[in-house]
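Welcome, and please open the model in your viewer. We will go from selection to selection, with a short note at every stop.

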Amino acid sequence: MGSLASIIPRPTDYGAQVGRYWDAVEADFRAMPHPWQEVRVYQDGLPDTRADIVARIVADVDSPNYRLLRWLAGQGAMVVGTEDPILLQEEYELLKASVTDEAARQAYAARAAGLLENRDRYIATRIGDTLPSAGTGVLFIGLQHEVAKILPPDIQVTSLRSCHELLSSVVRKLGITRAKAEGQE
């Protein structure tokens with residue numbers, strides 16, 4: 001959906017705000033002494049598709065958060081396709097049409113909440129299916145999403161402090177840790 005960024009109106013300092021936000025988030029991650037090869041990374045808007053396509057998308061997208069994804073992958077983290085491609089395509093088409101057409105804006109407004117809820121359910125299921133027992137994951141997700149509320153109960157969620165302090169009105173990043181399964185050491 002990033003391709004729509006050039007036609008959606010935003011505040012004049014939006015780019016600078018986003019840049020500062022991702023610089024702070026990246027600094028936080030670079031300062032963490034973590035065995036990144038054990039981490040799964042989930043990204044809002046990244047389709048659940050073949051690993052080679054996910055890798056190509058991560059390599060090709062020119063944005064600060066994808067720069068961080070590339071750094072995490074370079075440290076050994078596994079970037080996981082996160083979202084249902086069909087739901088992403090539907091939202092993209094609705095959003096694209098709504099930019100120039102009032103009827104399309106109304107159609108998007110009528111569908112947006114249900115679409116977001118379906119996307120959240122898919123993301124939560126995807127994380128539940130791919131995050132190993134006692135594993136650690138990182139979810140980069142927009143503020144309107146409520147994935148944390150519907151994750152499996154054995155997944156503990158914490159937020160990175162810089163997310164709330166720097167640019168909470170734009171993006172939220174959740175750190176995700178799954179509790180160990182019973183009987184596991």
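pLDDT is the predictor's confidence in each residue, from 0 to 100. Colour by it to begin: the chain has a mean pLDDT of 82, with 79% of its residues at 70 or more. This is a predicted model, so local features need pLDDT of at least 70 and side-chain atom pairs count only at 80 or more, while totals for chains, interfaces and linings use all residues. Numbering runs from 1 along each chain as its sequence is written, and side-chain values use heavy atoms, without hydrogens and water.

Now select residues 166-176, where pLDDT stays under 50. The model has 54 contacts (heavy atoms within 4.5 Å) for this stretch beyond four places in sequence.

Next, select helix α4, residues 85-98 (helices are DSSP runs of H or I, at least four residues, numbered from the N terminus). Which residues of α4 are buried, that is, under 20% relative accessible area with a 1.4 Å probe, protein chains only? They are L87, L88, E91, Y92, L95 and S98. These residues lie on the same side of α4, because they cover an arc of only 135° around the axis (taken from the directions from the axis to the C-beta atoms). Add α5 (102-130) to the selection: the buried residues of α4 pack against α5.

Finally, show V25, F29, V41, L68, L72 and F140, which touch the most other members of the 21-residue largest nonpolar core. Such a core is a set of buried Ala, Val, Leu, Ile, Met, Phe, Trp, Tyr and Cys residues joined through side-chain atoms within 4.5 Å. A second, separate core of 11 residues includes L131, I141, V147 and I155.

Definitions and conventions: Buried < 20%, exposed > 50% of the residue type's maximum accessible area, 1.4 Å probe, protein only. Helix = DSSP H or I, 4+ residues; strand = E, 2+ residues; numbered from the N terminus.
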